[in-house]
Amino acid sequence: MTISRFGVTVIGGGPAGIAAAIAASVDGASVLLIERGARLGGMLKQCIHDGFGSERYGEQLTGPEYAFKDISTLQETNVVVMLQTTILDIFSNDNIIQMNLCNRHGTVIAETKSVILATGSREKTAIQTNIHGTKPTGVMTAGTAQYYLNVMGQLPVQRCIILGSDDAALITARRLTIEGAKVAGVYEPSDKPAGQLKNVSQCLFEYEIPLELGHTVTRTFGSQRLRAVELCRVDKAGVPIRGSEKIEKCDGLILSTGLIPENEIAEKLGVPISKDTNGPICDQNNMTLIGGVFTCGNAMNVFDKVEYVSQSGENAGRSASRYMPQERRVIEITAGKEILTLVPQYIDYDILFGDTVMYFRCASERRDATVRVLVDGREVFAQKYEILRPAVTEKIVVNLAAGLTAESNITLRIE
Amino acid sequence: MPSISKLNKQLDKLFDGQVEAYEENDCLVLSGELSRWSDIVTAGMLAVAENPYETVVNEILCTGEKPLPIRKPRMEDSHLEWEEPDVLIIGGGVIGCAIARELSRYKLDILLIEKENDLAMQASGRCNGLVHSGVGLKKTPLKQWYTKTGNQMYAKLCSELGVPFRRCGEYLCYTNRLWSPLMFLSQMYWRWQGMKNAKVVKGDALHTAEPGLGSDISAALFFPDAGVVCPHTLTIALAENAVQNGAFITFNTMVQGMTVEDGLITGVLTNRGTIKPKVVVNASGAFCEDIAAMAGDRFFSVHPVKGTNVVIDRKYAGDLARAAVSSYGKPPGRRKKRSKTVFGTVLRTMYGTVVAGTDNLETINKEDFSTHSYSVSKVITGCKRIVPELDEKQAITYYSGINAPTYEGDYIVSKGKMTTNIVHAAGISTPGLTAAPAIAVDIVDMVADLFGGKNSLKSNTEFDPVRKAPIRLADLDFDTRAELIASNPDYGIIVCRCENISKAEVIEVLGRNVRCDSLDGIKRRIRPGRGRCQGSFCSPIIHDLIASEKRLTPQHIRKSGSGSEITYGSSKAIAHKKSSAIHFSKESGTDKDIKEKARKVLLAQSDKSKRSDEDDD
């Protein structure tokens with residue numbers, strides 16, 4: 001059994017983890033990157049459509065291309081990468097975090113001063129979407145469908161229904177159509193599509209795929225293969241309306257009803273999880289409320305843009321490489337009811353340098369809104385938005401340093 | 001005195017003369033036509049109370065409801081034509097597999113047939129895994145005897161088979177608070193009921209043992225004999241041990257009819273040929289009455305009861321239940337006065353998840369395994385009375401199972417009455433899992449009798465009761481794991497992240513002596529896909545593994561039985577064939593134009609839906 005020691009360990013080799021590892025390594029830390037899959041790149045590997053990276057790389061890239069660029073940069077650093085490696089146990093001891101790992105070479109104990117959780121997210125399943133009935137073949141999440149289609153080159157459905165209308169749903173609809181399947185409809189429980197309007201137009205309308213708002217799937221039929229689903233209109237609260245059921249014949253039901261940050265490792269370390277983001281509560285340096293444990297990417301907050309994922313990873317990487325155990329003074333940011341999610345939730349008063357990046361989503365669609373950040377009632381930031389949609393994560397950069405005291409109140413508001 | 005004429009009067013009153021009761025072959029037979037299935041069940045129950053004979057045969061036709069068609073294997077061949085086994089076991093549930101193993105102690109040609117693609121596909125695999133102590137079965141003496149005897153056989157059986165088993169005990173919590181000061185009376189009552197080691201646990205001791213119990217539950221009765229086992233693992237282990245000792249198992253084989261001559265079964269017609277067995281064992285679960293009818297030996301009837309269980313994610317499970325807790329009282333929504341039963345069990349499974357169940361719903365269907373939101377909420381509400389922290393949102397999956405008790409409620413473990421070479425293990429309802437090992441012993445005695453007694457049977461000198469169990473990495477410590485990986489690097493590659501299952505474990509299970517080649521088959525054996533992601537991540541990976549190990553193309557890999565193939569083949573090949581149908585028109589325009597167009601379409605749609613809303617009003 002070998003024991004290895006690192007300054008920073010990054011768990012998860014998706015875009016957030018790669019960015020974090022690069023940033024920490026560039027900053028001078030000894031870095032270990034652990035990935036359970038056989039290849040780096042996370043979900044980007046199966047997102048073969050383009051539209052990634054215009055901000056980060058200045059060009060329109062596909063997911064694998066974006067990942068390739070990241071990985072190429074990573075290869076120029078001294079980061080130790082362990083693929084197909086699983087964390088069996090993780091615990092913290094006297095400011096040192098120990099991990100018991102296993103991979104095809106055996107078991108390894110690794111010790112690290114700080115750890116960055118870049119574990120990404122998983123998709124909601126049929127049960128979590130309140131779909132009842134039988135459990136036939138053909139009911140799968142959009143991610144699984146994409147894996148079959150884009151990685152294995154196998155067609156998983158012939159005539160399908162898609163539930164959910166986020167970008168993953170829309171893009172899967174287009175991919176399936178191009179690959180020869182019929183998408184009979186995209187159904188969305190709320191009254192607005194969750195994905196970008198650009199995608200609604202490019203992925204659905206141009207391929208004559210109908211979008212039905214205010215509908216959900218309530219039941220599945222078929223003992224071996226899916227034969228049909230029961231569709232139902234929903235009221236404003238999202239509850240199916242009795243009597244509005246209709247049966248739609250299909251052999252596939254693809255679910256894209258939301259992502260849940262994967263934080264089982266964070267929970268093992270005792271990291272408090274936010275009820276709003278479902279990710280760890282953290283400060284502007286991406287440090288969770290447990291010293292030395294950092295979070296980034298979709299494990300922290302479900303982003304809709306890979307660039308933000310990479311940026312949050314970079315921030316976490318830099319902070320983790322500079323981490324020294326010390327007493328912390330944190331200020332909670334007060335967010336109004338009009339805000340659905342906000343990261344960071346705290347500001348570390350002692351390690352506050354330069355600008356603070358915040359990501360937020362509004363609770364409901366607003367037009368001509370102004371986002372304000374106030375410190376002790378004094379406005380330090382204001383920005384006008386033509387439209388704010390709950391589906392879109394907005395990023396703001398605020399300078400909080402001036403005039404901040406340890407007892408200050410920081411407030412984020414949308415007006 | 002129960003009498004048929006009295007019963008007929010009651011039936012006349014209830015059903016307007018549409019149902020008639022009479023005696024035939026020493027059984028009470030009900031015949032007639034009724035439109036509702038629930039009335040047919042009522043008639044059957046009524047007949048039990050007024051039955052001068054042992055069993056009721058309910059032949060009332062249901063005119064108003066049609067049951068779902070039986071799941072049939074698609075395969076048609078003559079693979080089993082002219083097979084002449086000594087014993088043909090019909091049904092690959094826990095009963096059939098336990099019988100097969102018990103029979104393999106003798107030099108007999110044993111064939112077990114199962115109509116599904118795997119074992120434990122119906123009632124056996126759809127229970128919660130509780131090994132009952134035998135509580136509350138006084139009214140059904142045979143069931144009580146088999147349950148208590150079976151329970152005592154579990155420790156030895158599971159250690160021989162390498163099946164994890166935990167004797168965790170069960171707490172029976174009274175939902176009526178008035179009972180708590182009188183618990184000692186209750187202890188006496190249960191001891192009188194045959195539960196000799198029942199004891200009262202009170203206050204702090206109870207809440208330390210089971211912190212998930214509601215604070216209003218001040219006392220419970222503890223039955224230390226209860227335990228928990230994984231029903232799939234056990235059933236498959238029994239079968240694997242039977243095969244190891246010479247038995248044969250075929251899947252996708254369904255009995256379609258029998259030829260009976262002078263009270264003797266001479267041929268069993270299946271979709272894979274006609275089998276000519278010396279003795280037939282009926283272990284066909286919910287279909288036991290249909291098999292009995294084919295054999296000309298139907299002297300009992302069953303009524304399917306559906307139950308739903310809710311599985312709670314392991315990470316919330318610790319605070320809910322550590323052993324098994326059940327509530328005792330009047331189930332919610334039941335109107336009858338004297339209907340106190342054990343209902344609502346919350347159980348910690350062998351794998352750390354918690355299962356809460358179950359409701360009991362009479363149904364005409366023997367194979368309706370769909371779940372319904374009303375069942376789930378009923379289960380949750382029921383179980384919340386003892387474990388208030390139970391939350392539907394923490395569920396990772398639901399499942400429903402059907403068990404089919406006889407109208408009398410008791411088991412039928414007996415030789416045929418009109419047909420000589422059949423033995424029935426019929427009406428094996430809950431807790432059949434517990435009773436299985438004991439039932440198997442008696443069935444084997446009866447089979448031996450048909451061959452002229454045990455002494456005339458040759459014992460299988462090579463019989464080995466010990467099965468080599470698959471390695472379960474999750475149970476191993478860090479150092480043992482390292483040794484394993486050194487011997488086979490695939491033990492270091494984890495393919496299922498939720499349950500920590502390695503690639504080597506999947507490959508091992510694909511090569512065992514009972515065939516397993518489907519995603520669900522692997523899931524039932526070693527659990528990938530039963531964790532919180534429910535297979536979202538691992539199913540394509542395991543799909544690939546099956547394909548490469550079994551040398552099949554990906555489109556031939558199934559989730560479960562025939563017809564459940566997961567993919568349709570290479571998408572490029574399919575798209576190429578259809579390419580004329582797809583147009584790849586790319587509309588020109590700026591991003592803004594595209595968005596504007598989408599907004600317009602959506603606006604038009606929302607107007608339309610508003611209008612249709614108004615129409616509805």
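## Nonpolar cores

Let's start inside this predicted model. Its largest nonpolar core holds 166 residues, and the ones with the most contacts inside it are I99(B), V281(B), V346(B) and I439(B). Helix α11 of chain B, spanning residues 432-450, gives this core its largest share, with nine residues. Another core lies apart from it and has 78 residues, including A21(A), I34(A), L44(A) and Y66(A).

V281(B) is a handy residue to select in your viewer. What is V281(B) in contact with, leaving aside its neighbours within four places in sequence? There is a run of partners made up of V87(B), L88(B), I89(B) and I90(B). I99(B) is in contact with V281(B) as well, and I99(B) is itself among the residues with the most contacts inside the core. The list is completed by V423(B), A425(B), I443(B) and V447(B).

## Domains of chain B

The domain assignment divides chain B into four parts. Domain 1 covers 4-62 and domain 4 covers 478-612. The other two are assembled from separate segments: domain 2 takes 80-166, 227-300 and 407-469, while domain 3 takes 170-224 and 304-403.

How far apart are the C-alpha centres of domain 1 and domain 2 of chain B? They are separated by 30 Å. Where these two domains of chain B touch, 10 residues of domain 1 are in contact with seven residues of domain 2. On the domain 1 side, α2 (37-49) and β3 (56-58) of chain B each provide at least two residues. The largest share of that side is four residues, and they come from α2(B). By class, the domain 1 side has six nonpolar and four polar residues, with no charged ones.

## Where the chains touch

Between the chains, 60 residues of chain B are in contact with 54 residues of chain A. Several elements of chain B give two or more residues to its side of this contact: the strand β23 (395-403), and the helices α12 (478-487), α15 (538-550), α16 (571-578) and α17 (591-616). Which of them gives the largest share? That is α17(B), with 11 residues.

The make-up of this side of chain B is worth a look too. Nonpolar and polar residues number 23 each, and 14 charged residues join them. For the side of domain 1 that touches domain 2 within chain B, the charged count was none.

## Two small sheets

Strands of a sheet pair through backbone hydrogen bonds, in either a parallel or an antiparallel sense. In chain B, an open sheet of three strands runs in the order β14-β15-β16, with antiparallel pairing. Its edges are β14 (255-261) and β16 (273-275), each of which pairs on one side only. On average, neighbouring strands of this sheet are turned by 25° against each other, direction ignored. Strand β15 (residues 264-270) of chain B pairs with β16(B) over three bridges. One bridge to look for links T270(B) with G273(B) of β16(B).

Chain A offers an open sheet of three strands as well, ordered β22-β24-β27 and paired antiparallel. Here the edge strands are β22 (339-343) and β27 (394-398) of chain A, and each pairs on one side only. From one strand to the next, the twist averages 25°. Four bridges connect β22(A) with the antiparallel strand β24 (residues 356-362) of chain A. In β24(A), F360(A) is the bridge partner of L342(A).

Terms used
Residues numbered from 1 in each chain as written. Chains lettered and ligands numbered in written order. Predicted model: local features only at pLDDT ≥ 70, side-chain atom pairs only at ≥ 80, totals over all residues. Domains from an automatic or database assignment. Nonpolar A, V, L, I, M, F, W, Y, C, P; charged D, E, K, R; others polar. Core = buried A, V, L, I, M, F, W, Y, C linked by C-beta atoms within 7 Å. Buried ≥ 20, exposed ≤ 12 C-beta atoms within 10 Å, placed from the backbone. Pairing = 2+ DSSP bridges. Axes fitted to C-alpha atoms, helices over the stretch in contact; angles between N-to-C directions.
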